[in-house]
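Please work through the exercises below with the sequence and the three-dimensional structure at hand. Try each task yourself before you read its solution.

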Amino acid sequence: MDDASPAVDGLEGLDPRQVGAYFALMEAVSLLQHQVEQQVQASGDLSYVQFQLLARLADARGELTMTALADSVVYSRSGLTYQAGLLEKAGLITRGPSPGDERTTLVTITEDGLALLGRVMPGHIQVARSMLFDPLSDEDLSRLGDIMVRVRDHMRSLPPRSAAPRRRRPPTTQA
C-alpha cells in the first residue's frame with residue numbers, strides 16, 4: 001500500500017512526512033497567532049492586523065506605501081484600507097499622498113502609535129519567546145530561521161497579492 005495521500009485531480013498526493021510537516025506548521029502558526037491576538041487585544045486593544053501594521057511601520061523607521069504595507073502583512077487592499085482608517089481615526093498613523101506620485105498613499109506611524117506599540121511589545125516578546133523560541137536550541141533556531149527564510153523567499157518570488165487584478169463583480173441585470 002502506498003503511504004502517500006491519494007492523488008487529487010491527477011496530482012500526486014503528499015507523502016506522510018510532507019503531510020505531517022504541513023499540519024504541524026499550520027497548527028503551530030494558528031496557536032501562536034491566537035496567543036498573539038489575545039495579548040495585543042488585552043494590552044493594547046488592537047487586532048492582530050492592526051498590531052502587524054504598527055509593527056511594520058515602526059520597523060520601517062519612516063513611511064511605507066499602502067501597497068508595500070499590504071504586501072508586508074499579506075492582507076487585502078480593501079481590508080488594509082479599513083484597518084488603516086481605524087488606526088488613523090485613533091491617531092496612531094497618518095496617511096497622505098506621496099509628493100512624487102499623488103496616486104500613491106504614504107502611511108506613517110505617529111508618536112502615539114509608537115507609544116502604544118512600546119506598551120504592547122513587551123507582552124508580545126514574552127508570548128513569542130515562550131510559545132516559539134523557548135523549546136528551541138540555538139542550532140534549532142538557526143535551522144528554523146534558514147528554512148523559513150528560504151520558504152518565505154520562494155513564496156515571495158511569486159507576484160505580490162497587490163499585483164493581482166481586482167475581481168470585478170458581474171453587472172446586475174434587472175428583470
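The exercises that follow concern a predicted model, and each one is solved step by step.

**Exercise 1. Determine how many helices and strands the protein chain has, and in what order its elements run.**

Step 1. Going through the secondary structure of the protein chain, you should arrive at six helices and three strands.
Step 2. Reading from the N terminus on, you can then write the order of these elements as α-α-β-α-α-β-β-α-α.
Step 3. To see how the chain folds back on itself, consider the contacts with a separation of 6 or more, of which 51% are made by residues 24 or more positions apart.

**Exercise 2. Describe the largest nonpolar core and find which of its residues touch the most other members.**

Step 1. The largest nonpolar core has 24 residues, and within it Leu46 and Leu54 touch the most other members.
Step 2. At least two residues of this core come from each of helix H1 (16-44), helix H2 (48-60), helix H3 (66-73), helix H4 (77-89), strand S3 (105-109) and helix H5 (111-133).
Step 3. The largest share is that of H2, which supplies five residues of this core.
Step 4. Turning to Leu54, and leaving aside its neighbours within four places in sequence, we find it in contact with Leu46, Leu87, Leu92, Ile93, Ile109, Leu116 and Leu117.

**Exercise 3. Decide whether Thr110, Leu144 and Ala128 are buried, partly exposed or exposed.**

Step 1. Thr110, which lies in the loop between S3 and H5, has a relative accessible area of 17%, and because this value is under 20% the residue counts as buried.
Step 2. Apart from its neighbours within four places in sequence, Thr110 is in contact with Gly91, Leu92, Ile93 and Thr94.
Step 3. Leu144, which lies in helix H6, has a relative accessible area of 30%, and so it is partly exposed, since this value falls between the cut-offs of 20% and 50%.
Step 4. If residues up to four places away in sequence are not counted, Leu144 touches Leu132 and Leu136.
Step 5. Ala128, found in helix H5, is buried because its relative accessible area of 15% is under 20%.
Step 6. The C-alpha atom of Ala128 is separated by 7.5 Å from that of Leu32, although these two residues are 96 residues apart along the chain.

**Exercise 4. Explain what is notable about the phi of Asp45, and state where Asp45 is placed.**

Step 1. Begin with the general rule that most residues other than glycine have a negative phi.
Step 2. Asp45 is not a glycine, and yet its phi is positive, at about 55°.
Step 3. The place of Asp45 is in the loop between H1 and H2, where Asp45 is exposed because its relative accessible area of 59% is over 50%.

**Exercise 5. Characterise the largest pocket by its volume and by its lining.**

Step 1. The volume of the largest pocket is about 2300 Å³.
Step 2. Its lining consists of 46 residues, and those that lie nearest the centre of the pocket are Val29, Tyr48, Arg56, Met148 and Arg152.
Step 3. H1, H2, H3, H5 and helix H6 (138-156) each supply at least two residues of this lining, and H6 gives the most, with 12 residues.
Step 4. Sorted by class, the lining of the largest pocket has 33 nonpolar, five polar and eight charged residues.

Notes. Residues numbered from 1 in each chain as written. Predicted model: local features only at pLDDT ≥ 70, side-chain atom pairs only at ≥ 80, totals over all residues. Heavy atoms only, no water. Core = buried A, V, L, I, M, F, W, Y, C linked by side-chain atoms within 4.5 Å. Buried < 20%, exposed > 50% of the residue type's maximum accessible area, 1.4 Å probe, protein only. Helix = DSSP H or I, 4+ residues; strand = E, 2+ residues; numbered from the N terminus. Contact = heavy atoms within 4.5 Å. 1 Å grid on protein atoms, 1.4 Å probe; cavity = no way out; pocket = protein on both sides within 12 Å on 5 of 7 lines; lining within 4 Å. Points joined across faces, edges and corners; volume = space filled by probe spheres on them. Nonpolar A, V, L, I, M, F, W, Y, C, P; charged D, E, K, R; others polar.
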